[in-house]
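Let's take a walk through this model together. Have the coordinates open in your viewer, and follow along one stop at a time.

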2 protein chains.
Amino acid sequence: MGDARPIGVFDSGIGGLTVVREIMALLPNESIVYFGDTARVPYGTKSPEVVRAFALQDTRCLMKHDVKMVVAACHTASSVALDDLKGAFPVPVHGVIEPGVRAALEATRNNTIGVIGTRATILTGTYERKLTALRKNVRVESRACPLFVPLVEEGWLDGDITRGTAAIYLDPLKEKGIDTLILGCTHYPLLKSVIRDFFGNGIRLIDSAEETSKTIRETLQSNGMENPARSDPERLFFVSDIPAHFQQVGEQCLGMPLGSVHQVNLEMDEMSRGRNHET
Amino acid sequence: MGDARPIGVFDSGIGGLTVVREIMALLPNESIVYFGDTARVPYGTKSPEVVRAFALQDTRCLMKHDVKMVVAACHTASSVALDDLKGAFPVPVHGVIEPGVRAALEATRNNTIGVIGTRATILTGTYERKLTALRKNVRVESRACPLFVPLVEEGWLDGDITRGTAAIYLDPLKEKGIDTLILGCTHYPLLKSVIRDFFGNGIRLIDSAEETSKTIRETLQSNGMENPARSDPERLFFVSDIPAHFQQVGEQCLGMPLGSVHQVNLEMDEMSRGRNHET
C-alpha cells in the first residue's frame, strides 16, 4: 500500500515555500514538486479571471510530474480558483484557506475572528463565507494589508515603518475585540512578532501554512496515500523566473538552502530543464 | 506630409499613463495606442531575460495597430530591453531613461546627480552608464526604493509612513550632496511633494515622463512625422488584465477619465476586443 508519488505545491511566487517548510517538518518522507510563478507574481492584485487561468496553468505544470495531490499554497488562488482546480484534475486538491478557518474556529473564545490578507483575498470574502458557513453566529472582521508583502520582500521584518504600518492596518481589528487572527497570506508569518507585539499576548495567531500541512497529513493517512519508501525523498523546485534576490528571499521562506532550482518557460507551457540555477 | 498613425506606448502596468498624460499635454493632435501588461505587473522585480521577452511581446501588440513610434514607458523595460526593441521593429523606439539623463545633466550645478528607481532598474546600472557616457566626471548616487510603488498603489501619497520610508531611502543621497534627482520610475512623480520636502527647495527633481514627451516631440518634428489632421485624435487603451481599483489608479495616473479600455489575451498574443470595460 501507499503512494510514492510526490505532493505538488504551487504558489504565485516563493511565499508558498513557507507551506513546503511545514510539509517537510510534518511529513519528512514525502517527495515534493514545487512550482512558483515568479514571472507573473503577485496574484493578489489581479482579477479573479486572470488568477483562475494562471492557477490552472500552474497545476498543469505540476501534473506533468505525476503528483498524487495538488496544494494551492497561495491564498489568492485558493480564494478564487479552488473549485475550478478540484473539478479539473483527478487528484485531491487542497487550498490554504479551509485549514486556517477550522483552526480559527477551534481557537476563538469570544467568537470574534480577524482575517488579514491581500486586497484580492479580502475582496473575495472567501474567509468570511467559509467561517460563517461552519458557525453562523461567528463575528468576522477582515482587513486588506497590501504593504505587508512588499515590506517582507524588502526584508523590513521589524522597525518603525513596519510597526507603524501594522498599527494602521490592525488598529480597527483590535477595536473590534478579535481574540484570534488568521494570517491569510503566505508572507505574513514572517511578521508574526510585530503583529503579536501590537495585539499583546492575548491574541491567537493562525498560521495557514502550519494548518495546511496538518490537513495534508490527514488526507494522506485516511486514504492510505503516504509514501512507503524509507529512502531520501526528492524535492524539486520550479519557477517561471529567477530574479535577483531569489535565493535570499527563497531561503528566508524555506528556512533552509533551496538546493537545485529549474526555470520553466510558461509560454511553452512545459517544464524545461534548459536553464538550471544551482544554489 | 506628416504621419497620421498613432504613437504606441507600453508599460508593465498603468504607471506609464503618466507618460501618456504628458504626451497628450504636449502633442494634443497625436493619436495614441497604450498597452499595459497588468496581468504580469510589476516588471521591476523580475529578471532581465523575462523582462526582455515581455517587452518584445508588448511591442508586437502595439505594432498590430500600425503605430509610427514605440515608447517603452517603463523604466525597467527601458533599462534592459531598449536595444533589443530598436533592432526588432521598423519604427523609432524611445525609452524613458535617456530623456531624463539629458535633463539631469543640464540641471545639475554641482555635477552630483541622484537616481532612484525599482531594484531592477538600479541593479542594471543603466542610468549610471548613460550619465557617465555623456559626462565622464559626473558623480552618480543611486538607490533602489522598492516600497515607493506599493505605497503609491496603496494611495499613501503622504503621511508618517511614506515620509519615514522616504527618509530611509533618500538620506544616503542627501549625505552625498546631490543637487538633482532623477525620478526613475513612472510612479514616483506622485511622491514629488514628499521627496521635495525631504530635500528642501534646493533639489531639482527630474520627471522622466515630462522629459520623454519632449523627446517624442523632437523626433516627430525633425522627421516630419507629426499628425497633420486637425480632427480629434484617437486614444486606445489595452491591458492584459482589468483588476479591482483599475479605474481609480488609472485615472489617478492619467489625471483624467480613462474612457474605453480593452482587455488583451496575451496567451493568444493578439489584441482581442472580446471583453470591453467601458469606464
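The paragraphs below move from a strand and its neighbours to aromatic rings, charges over rings, a cavity and a loop residue.

Please keep in mind throughout that this is a predicted model. A good place to begin is strand β7 of chain B, which spans residues 180-184. Is this strand covered or open? It is mostly covered, since five of its five residues count as buried, each having under 20% relative accessible area. The cover extends to both faces of β7(B). On one side you will find Thr180(B), Ile182(B) and Gly184(B), on the other Leu181(B) and Leu183(B), and all of them are buried.

Now look at the strands that pair with β7(B). Strand β5 of chain B, residues 112-117, runs parallel to β7(B) and is joined to it by five bridges. To find the register in your viewer, pick Ile113(B), which stands opposite Thr180(B) in β7(B). Strand β8 of chain B, residues 204-207, also pairs with β7(B) in the parallel sense, here over four bridges. For this pairing, a handy marker is Leu181(B), whose bridge partner in β8(B) is Leu205(B). Between β7(B) and β8(B) the chain passes through helix α9 of chain B, residues 192-199, and this β-α-β crossover is right-handed.

Next come the aromatic rings. A pair of aromatic rings is described by two quantities, the distance of the centres and the angle of the planes. Over all chains, the count comes to 12 aromatic pairs. One of them is formed by Phe148(A) and Tyr169(A), with 5.3 Å from centre to centre and 80° between the planes, an edge-to-face arrangement. This pair links distant parts of the chain: Phe148(A) belongs to helix α7 (residues 148-153) and Tyr169(A) to helix α8 (residues 160-175), both of chain A, and the two residues are 21 residues apart. Why do both partners count as buried? The cut-off is under 20% relative accessible area, so Phe148(A) qualifies at 1%, and Tyr169(A) qualifies with 1% as well.

Tyr169(A) has a further ring partner, and this time the contact crosses between chains. The centres of the Tyr169(A) and Trp156(B) rings are 5.5 Å apart and their planes meet at 40°, so the pair is tilted. While Tyr169(A) sits in helix α8 of chain A, Trp156(B) is found in the loop between α7 (148-153) and α8 (160-175) of chain B. Both of these residues are buried. Putting the rings together, Phe148(A), Tyr169(A), Tyr188(A) and Trp156(B) form one aromatic cluster.

Rings also meet charged side chains in chain B. Arg40(B) lies over the face of Phe54(B), at 3.6 Å from the ring centre. Lys174(B) takes up such a place over the face of Phe198(B), at 4.2 Å from the ring centre.

What about empty space inside? The structure holds one cavity of 30 Å³ or more, and the largest cavity has a volume of about 40 Å³. Among the residues lining the largest cavity are Ile14(B), Leu17(B), Tyr34(B), Phe237(B) and Val261(B).

The last stop is Lys176(B), in the loop between α8 and β7 of chain B. With a relative accessible area of 43%, Lys176(B) is partly exposed. Its C-alpha atom is separated by 7.5 Å from that of Glu141(B), although the two residues are 35 residues apart along the chain.

Terms used: Residues numbered from 1 in each chain as written. Chains lettered and ligands numbered in written order. Predicted model: local features only at pLDDT ≥ 70, side-chain atom pairs only at ≥ 80, totals over all residues. Heavy atoms only, no water. Buried < 20%, exposed > 50% of the residue type's maximum accessible area, 1.4 Å probe, protein only. Pairing = 2+ DSSP bridges. Right-handed = clockwise from strand over helix to strand, strands pointing away. Phe/Tyr/Trp six-rings, centres within 6.5 Å; stacked < 30°, edge-to-face > 60°. Lys NZ or Arg CZ within 6 Å of the ring centre and 35° of its normal. 1 Å grid on protein atoms, 1.4 Å probe; cavity = no way out; pocket = protein on both sides within 12 Å on 5 of 7 lines; lining within 4 Å. Points joined across faces, edges and corners; volume = space filled by probe spheres on them.
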